[in-house]
Amino acid sequence: MSATPNLHRPVSRRSVLRGGLGALAAAGVGGPLLTACGGDGGSGGDGKEMSFWNFYGPSDDGGPQSKWFVDVAEKWNANNDVKVKLRYIPGKDYLNGTTLQTAFQSGEGPDIFLISPGDFLRYYNGGVLQDLSSALPAEAKSDYLPGLLEARSVDGKVYGLPMEIEPLAMYYSEAAFTKAGLSEADLPKTWDQTLAVAEKLTGKDRYGVMFETLPGYYQNFTWYPFLWQGDGTPIKDGKVAFDSPAAVQALKFWKDTIQAKVAPRKALGDGGGDVVSNLGSGAVALQQSGIWAVADMKGKAAKFKYGIIPLPTPDGGKPATDLGGWAFVANSKGKNPEAAAKFIAWALGSTDAEGVERQRQWNTVVKTNVPPRKSVQAAADAKGAFEQGVLKKFVDEIAPTGQPEPRFPPEVYQPIADAIQACQLNGSDPGKAAADAAERIDTFLKTYQGAPIS
């Protein structure tokens with residue numbers, strides 16, 4: 001098993017955009033994950049059609065992101081015998097539901113699908129991820145920022161191609177602050193300030209602050225930075241480390257927002273990451289979300305005035321954010337895994353001018369992300385994508401404090417998710433919740449034999 005560097009070391013803006021996120025190969029913690037292997041029922045049946053499940057398109061609204069996916073599939077289909085057939089699954093169901101897991105458990109998994117680093121080990125340990133390495137030319141591999149392919153690799157073999165990097169921040173409504181008699185000087189920097197300001201912002205029809213409340217990998221992803229801010233981590237040197245002051249205070253902070261009635265128990269729209277439906281509707285004044293929301297607001301709430309700030313920190317804590325990002329993966333049990341691998345390499349890894357422009361469009365035009373490839377970053381810079389506004393702040397101030405999204409098997413993710421839910425929505429004692437989660441993780445780690453955890 002590979003050794004890992006310190007994943008909590010902050011990285012500079014230059015390293016985020018051009019030098020990488022640091023190697024993400026994990027420290028050695030191993031064991032089998034009993035996940036049912038996917039089958040071929042969802043792949044079209046004749047090996048000449050590959051199903052591609054995603055939460056972007058073709059969607060009912062036919063927006064720019066949906067159109068990008070449709071265009072990619074159509075371009076491939078026009079030049080290849082094995083066709084790609086898109087299946088759209090609403091974001092809330094894909095991110096927090098069991099649609100994908102259930103499909104694989106019943107042997108009906110798709111040929112191509114999207115996963116986050118947080119869910120990588122579920123599918124790798126389940127034996128359903130196709131090795132993409134042979135489909136990736138050397139120049140494509142070297143074009144990715146260091147650390148990005150490693151997060152989706154095992155023993156040097158690449159099992160997923162990232163399409164983006166997505167740091168998290170706090171979005172705030174300028175109108176809500178003005179109405180409450182607050183100014184930029186009142187933008188919170190600490191957890192205590194956040195609670196105090198949120199109380200002033202909370203009114204009859206508006207909550208002061210919002211964090212994700214739906215259980216799932218996305219909620220864990222958004223909560224990890226608050227753990228890291230106190231120098232906490234679920235696993236350290238191959239052993240459980242979740243029963244810590246950092247975990248307890250992070251659980252308590254999210255609990256306090258609900259207990260103080262300054263945060264909602266349920267988000268509107270597609271959940272806590274949906275800024276348009278929550279902040280944009282006036283339902284909340286401060287909301288945690290990712291860089292993707294910049295494009296959402298531009299497309300659906302262009303006149304709404306907002307800003308972003310880094311995630312607040314505890315007293316004595318350090319700035320931190322989570323650097324997420326989805327990846328294309330192929331089903332090794334599908335009808336045509338090799339063709340699926342070639343499609344993924346072409347769609348996301350092509351280094352010709354058309355391939356670079358395709359990725360620039362995704363990362364800085366139809367969606368807003370930090371591009372994962374050096375050539376795409378250069379193309380985005382040439383167009384001035386990050387020269388001003390909230391995107392400049394994301395790149396200059398927020399992304400450099402980021403850490404790669406952890407890849408944990410379900411048996412590590414689930415106890416953490418249960419602890420978050422117990423404290424946030426059920427008012428449980430954070431100390432007991434952290435201890436209970438740590439005990440479950442410890443029991444699992446003693447017999448784990450899967451791919452390295454990071």
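**View A. A cis bond next to proline 58.** Proline 58 sits in the loop between strand 1 and helix 2. Helices here are DSSP runs of H or I with at least four residues, strands are runs of E with at least two, and both are numbered from the N terminus. The peptide bond joining glycine 57 to proline 58 is cis, with omega at about 0°. A word on what you're looking at: this is a predicted model, in which local features need pLDDT of at least 70 and side-chain atom pairs count only at pLDDT 80 or more, while totals for chains, interfaces and linings use all residues. Residues are numbered from 1 along each chain as its sequence is written, and side-chain values use heavy atoms, with hydrogens and water left out.

**View B. The open sheet of five strands.** Follow the strands across and you get the order 2-1-3-13-6, with mixed pairing. Two strands count as paired if DSSP finds at least two bridges between them. Strand 2 (83-88) and strand 6 (161-162) are at the edges with a single partner strand each, so one side of each has no neighbour in the sheet. Strand 1 (residues 49-54) pairs with strand 3 (residues 112-115) in the parallel sense, over two bridges. Look for tryptophan 53, which stands opposite phenylalanine 113 in strand 3.

**View C. Helix 2 and helix 12 against the sheet strands.** Helix 2 (residues 64-79) lies across strand 1, strand 2, strand 3 and strand 13 (327-330). "Lies across" rests on contact, meaning heavy atoms within 4.5 Å. Helix 2 runs at about 160° to strand 2. Such angles run from 0 to 180 degrees between N-to-C directions, using axes that are lines fitted to C-alpha atoms, for helices over the stretch in contact. Helix 12 (residues 337-349) lies across strand 1, strand 2, strand 3, strand 6 and strand 13, at about 165° to strand 13.

**View D. A salt bridge in helix 2.** Here the side chains of aspartate 71 and lysine 67 meet, 2.8 Å from N to O. A salt bridge means a side-chain nitrogen of Lys or Arg within 4 Å of a carboxyl oxygen of Asp or Glu. The two residues, aspartate 71 and lysine 67, are four apart in helix 2, which means about one helical turn separates them. By this rule the count comes to 15 salt bridges.

**View E. The open sheet of three strands.** The order this time is 10-7-11, and the pairing is antiparallel. Strand 10 (286-290) and strand 11 (306-309) are at the edges, each with a single partner strand, so one side of each is left without a neighbour in the sheet. Neighbouring strands of this sheet are turned by 35° against each other on average, ignoring direction. Strand 7 (residues 168-173) is joined to strand 11 by four bridges, and methionine 170 stands opposite isoleucine 309 in strand 11. Helix 11 (residues 292-300) lies across strand 7, strand 10 and strand 11, at about 110° to strand 10.

**View F. Helix 10 crossing helix 17.** The axes of helix 10 (residues 245-259) and helix 17 (residues 430-445) come within 8 Å and cross at roughly 125°. That is why helix 10 and helix 17 are oblique to each other: angles under 35 degrees count as roughly parallel, over 145 as roughly antiparallel, 65 to 115 as roughly perpendicular and the rest as oblique. The crossing of helix 10 and helix 17 is right-handed, the near helix being turned clockwise from the far one by less than a right angle (anticlockwise would be left-handed). Ala247, Val248, Leu251, Lys252 and Lys255 in helix 10 meet Pro430, Gly431, Ala433 and Ala434 in helix 17. Sorted by class, the residues in this contact are six nonpolar, one polar and two charged. Ala, Val, Leu, Ile, Met, Phe, Trp, Tyr, Cys and Pro count as nonpolar, Asp, Glu, Lys and Arg as charged, and the others, Gly among them, as polar.

**View G. Helix 13 packed on helix 14.** Helix 13 (residues 353-366) and helix 14 (residues 374-382) pack at about 65°, with axes 9 Å apart. Helix 13 and helix 14 are therefore roughly perpendicular to each other, and their crossing is right-handed. Val356, Gln359, Arg360, Asn363 and Thr364 in helix 13 meet Ser375, Val376, Ala379 and Ala380 in helix 14. The contact of helix 13 with helix 14 has four nonpolar, four polar and one charged residues.
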